[in-house]
Amino acid sequence: MAVRLFEGRDHATAYLQYRVAPHELVSRIMKFMEKKTPNQFTLAVDVGCGSGQGTTLLAPYFSKVVGTDVSPAQLEMALNNSNPPNVSYRQCPAEELPFAAGEVDLVTAMTAAHWFDRQKFLLEADRVLRPGGCLALLSYTMDMELEYGDITNALNDICKEFYAALLPFRNPYIGSSSIKIYTDMLDSCSYPDKEWNECFRVKRAVPLTAYMGMVQTFSSYQKLQQKDPAEAERLSNDIRNKLLSAMKASSPDTEVTVVVKYFYWLACKP
C-alpha cells in the first residue's frame, strides 16, 4: 500500500519554500524523449507533484501538463503558485490516475515514487502511457553536501551528524536505501528500452537557513518533530550553530552551496 505523508499545511508551505526544483534533470528527461519520440509532446503527468515545483518545469515542452497528488494541502500550495496557463492539478492517488488508456506522453514522479504502492503505480503508468511514451522517476539521496570556501569537509562532517541523528526516524516503508527502491522498480519495469543514472549532482547557492529548512522537510525530521518537538528544535539549533561556527559566520542567512545528489531512471514504452 502507498504511504501518505507531507499533508499538513505548514509542511506543504515549507516544501514549496525549500525543496529544489531540478530543471537540469527535466532537461535530461526531455532529451531522452526527443531521441525516442520526437514531436509527440501533448500531455505530461507529474505524479506525486507536491507543491508543483517540478510540474511547472515541464510546461515549456508540452501542450498540457497535469500534476497529481493525494494531499489537498500540497495541491493548495501548487494552485497558489505562479502557474503557466497549460498547467493544472488533480487530486488522486498515484495508483488511480484520471486519464484514458494510452492518453499520456510522459509520466514523471519527482522525489515521490518511493511512497507509492510501487507495483500498482507501474501498472497504472503503463496503462495511461501511449506506445512510445516515456516514464521518468527521479529522487535524491539524503546525504546532501555543503560547499563553503576551504572548509567544505568540516561542514559535511557536521551535516553527517544531522543525518545520523535523523536515521532512526526514517519511515520503514522506504527502508535504509532509496536507491534500492528505484533500482527494484527499474527491474520490475518490463520495457526493454530503459536506462539508469546515478549521482547527478545539482548545486544551488542558498542561505544556510534554506539548507536547514530543506532537511526539516524530510519525513524523518517531521517524524522526530511530531514525537519530540523540543528535541527536534534542539537538534536543528545545534547543527546550525556548529555550521556557523565552522564558517566563522554570525548570520544564518550566510550563503552556502548545497549539493543535491540525484538518481533517476528513464524508460520508453514499446
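**Exercise 1. Explain why Cys 159 forms no bond with its closest cysteine sulfur.**

Solution. The sulfur of Cys 159 lies 16 Å from the closest cysteine sulfur, that of Cys 199, which is too far for a bond. For comparison, a disulfide is defined as a pair of cysteine sulfur atoms within 2.5 Å. From the side of Cys 199, the closest cysteine sulfur is that of Cys 159, again at 16 Å and too far for a bond. The structure accordingly holds zero disulfides.

The model is a predicted one, in which local features need pLDDT of at least 70, side-chain atom pairs count only at pLDDT 80 or more, and totals for chains, interfaces and linings use all residues. Residues are numbered from 1 along each chain as its sequence is written, and side-chain values use heavy atoms, with hydrogens and water left out.

**Exercise 2. State whether Cys 159 is buried or exposed, and classify Cys 199 likewise.**

Solution. The classes rest on relative accessible area: buried is under 20%, exposed is over 50%, and partly exposed is in between (1.4 Å probe, protein chains only). Cys 159 has a value of 1% and is buried. Cys 199, at 43%, is partly exposed.

**Exercise 3. Describe the largest nonpolar core and the contacts of Leu 106.**

Solution. A nonpolar core is a set of buried Ala, Val, Leu, Ile, Met, Phe, Trp, Tyr and Cys residues joined through side-chain atoms within 4.5 Å. The largest such core has 59 residues, and those with the most contacts inside it include Phe 62, Leu 106, Tyr 211 and Leu 243. Strand β8 (residues 255–268) gives the most to this core, with seven residues. Helices (H or I, at least four residues) and strands (E, at least two) are DSSP runs, numbered from the N terminus.

Next, take Leu 106, with contact meaning heavy atoms within 4.5 Å. Leaving aside residues up to four places away in sequence, Leu 106 touches, among others, Ile 29, Met 33, Leu 58, Phe 62 and Leu 129. A second, separate core of 32 residues includes Cys 92, Leu 97, Ala 113 and Trp 115.

**Exercise 4. Determine how α8 packs against α6 and α10.**

Solution. Axes are lines fitted to C-alpha atoms, for helices over the stretch in contact, and angles run from 0 to 180 degrees between N-to-C directions. Angles under 35 degrees count as roughly parallel, over 145 as roughly antiparallel, 65 to 115 as roughly perpendicular and the rest as oblique.

1. Helix α6 (residues 152–166) and helix α8 (residues 208–216) pack at about 20°, with axes 12 Å apart. The pair is therefore roughly parallel. The contact involves Cys 159, Phe 162, Tyr 163 and Leu 166 of α6 with Tyr 211, Met 212 and Val 215 of α8.
2. Between α8 and helix α10 (residues 229–247), the angle is about 150° and the axes are 11 Å apart. These two helices are therefore roughly antiparallel. On the α8 side, Leu 208, Tyr 211, Met 212 and Gln 216 meet residues of α10, including Ile 239 and Leu 243.
3. Seven of the nine residues of α8 are buried, so this helix is largely enclosed by the rest of the structure.

**Exercise 5. Where are Asn 39 and Lys 248 placed, and what are their phi values?**

Solution. Most residues other than glycine have a negative phi. Asn 39, in the loop between α2 (23–36) and β1 (43–47), has a positive phi near 65°. Lys 248, in the loop between α10 and β8, has a positive phi of about 55°. Asn 39 is exposed at 74% relative accessible area, and Lys 248 is exposed at 78%.
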